Amino acid sequence: MKLTIATLVAALAPAWSAEAADPPTLTVYTYGSFTGKYGPGTAIKKTFEAGCACKLDFVALDDGVALLNRLKLEGAASRADIVLGLDMNLIAEARATGLFAPHGLDVAKLTLPVAWTDPIFAPFDYGHFAVVYDREKLSAPPTSLKQLVEGDPAQKIVIADPRTSTVGLGLMLWVRAVYGDQAEAAWTKLRGRVLTVTKGWSESYGLFAKGEAPMVLSYTTSPAYHMIAEKKDRYQAAAFTEGHYLQVEVAGTTGNAKQPVLARQFMAFMVGPGFQDEMATGNWMFPVSTPSKGLPPEFDRLVKPAKTLLLSPEAVAANRRGWTDEWLRAMVK
């Protein structure tokens with residue numbers, strides 16, 4: 001049979017139509033607990049896709065540290081349009097890669113414990129690190145970092161590795177902020193109380209929840225999950241007299257984003273109600289914009305830090321390797 005141009009076009013038309021109908025895909029690198037069974041990722045994906053005529057593809061890695069390491073390895077060839085889940089302690093190092101573009105958002109009205117002016121990375125939630133303890137196993141929790149460091153070695157804590165976890169990095173910086181040049185000596189004392197060092201927060205909190213240790217390094221907001229989702233007051237955060245170290249989680253658009261228009265749309269969506277309403281009871285952190293229905297009343301029962309501790313991103317970038325080596329020396333002695 002002789003094919004004419006008309007018959008050829010007619011034969012290929014369905015394939016062309018299907019291809020043309022395929023929506024563009026926005027690729028967002030984030031951490032595993034964000035997209036996990038109990039995380040906010042599923043709800044956020046559904047809401048964003050309903051208004052974007054696109055597909056949102058979350059690529060989940062272990063942690064914020066893993067996100068930065070992955071991006072460094074991939075460089076400009078990365079398929080990430082957005083990286084969501086770095087934190088304030090990593091932004092100077094991330095900015096130095098030259099792989100991110102300005103976010104272009106008005107962040108002046110966002111609610112944070114610190115002023116936010118960074119033009120590259122936009123915050124989406126925040127929380128203070130805390131020692132969370134099991135009230136059925138520990139009747140007298142530490143009331144200071146000093147008590148944690150010098151307390152009974154029989155009362156164990158599970159922590160995460162600062163080389164692979166933003167939570168582990170947060171504890172390392174918390175100790176540095178309080179102890180300064182005596183941080184290595186403090187770690188040497190604390191080592192006897194550490195049951196194990198896990199790769200990330202999910203692993204450490206999982207061990208704690210299984211009863212392997214009476215304490216775990218987490219957040220002041222973690223008890224809200226147990227109070228709201230499980231109706232339990234058993235797990236609480238200890239208030240420390242020196243103050244608590246702050247974590248602000250951020251997102252950034254890559255300079256070589258394949259979908260720059262969708263990336264800007266998502267960043268604007270991220271600081272609006274469709275995203276922010278999921279932070280308190282999905283990511284179990286404080287949102288940077290007040291949720292549509294306000295915060296759950298259980299959040300009023302959480303520890304309110306007497307002081308917010310924070311080292312500058314530039315100081316962290318300049319000293320992270322040295323402070324990590326210091327941590328390693330203390331932990332393996």
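**Figure 1. Contacts that reach a long way along the chain.** Take the contacts in this chain with a separation of 6 or more: 79% of them join residues 24 or more positions apart. Keep in mind that we're looking at a predicted model. The chain has 14 helices and 12 strands. Its radius of gyration is 22 Å, close to the 20 Å that the globule rule gives for 333 residues, so the chain is as compact as a globular protein of that length. Along the principal axes, the C-alpha atoms fill a box of roughly 90 × 45 × 40 Å.

**Figure 2. Inside and outside.** How much of the chain is buried? Buried residues make up 51% of the 333 residues. As for the outside, the chain exposes about 15,000 Å², and carbon and sulfur atoms supply 55% of that area.

**Figure 3. Two phenylalanine rings, edge-to-face.** Search the whole structure and you'll find 20 aromatic pairs. One of them is formed by phenylalanine 34 and phenylalanine 124. Their ring centres sit 6.3 Å apart, and there's an angle of 80° between the planes, which makes the pair edge-to-face. Which parts of the chain does this pair tie together? Phenylalanine 34 belongs to helix H2 (residues 32-35) and phenylalanine 124 to strand S5 (residues 122-134), so the pair links parts that are 90 residues apart in sequence. Are the two rings' residues buried or exposed? Phenylalanine 34 is buried, with a relative accessible area of 0%, and phenylalanine 124 is buried too, with a value of 0%.

**Figure 4. A cluster of rings.** Zoom out a bit from that pair and you'll meet its company. Ring pairs join Tyr31, Phe34, Phe48, Phe58, Phe124, Phe266, Phe269 and Phe275 into a cluster. So the two phenylalanines from the previous view, Phe34 and Phe124, are both members of this cluster.

**Figure 5. Aspartate 118 and the backbone beside it.** Look for aspartate 118 in the loop between strand S4 (100-101) and S5. Its relative accessible area is 10%; that's under the 20% cut-off, so aspartate 118 counts as buried. Which backbone atoms lie by its side chain? The backbone nitrogen of isoleucine 120 is 2.8 Å from a polar atom of the aspartate 118 side chain. The backbone nitrogen of phenylalanine 121 also lies 2.8 Å from a polar atom of that side chain.

**Figure 6. Who else touches aspartate 118?** Leave aside the neighbours within four places in sequence, and aspartate 118 is in contact with Ile91, Arg95 and His103.

Definitions and conventions. Residues numbered from 1 in each chain as written. Predicted model: local features only at pLDDT ≥ 70, side-chain atom pairs only at ≥ 80, totals over all residues. Heavy atoms only, no water. Phe/Tyr/Trp six-rings, centres within 6.5 Å; stacked < 30°, edge-to-face > 60°. Helix = DSSP H or I, 4+ residues; strand = E, 2+ residues; numbered from the N terminus. Buried < 20%, exposed > 50% of the residue type's maximum accessible area, 1.4 Å probe, protein only. Polar contact = N/O pair within 3.5 Å; in protein donor to acceptor, adjacent residues only side chain to side chain. Contact = heavy atoms within 4.5 Å. Rg over C-alpha atoms; globule rule 2.2 N^0.38 Å. Areas by Shrake-Rupley, 256 points an atom, 1.4 Å probe, with all protein chains shown as cover.
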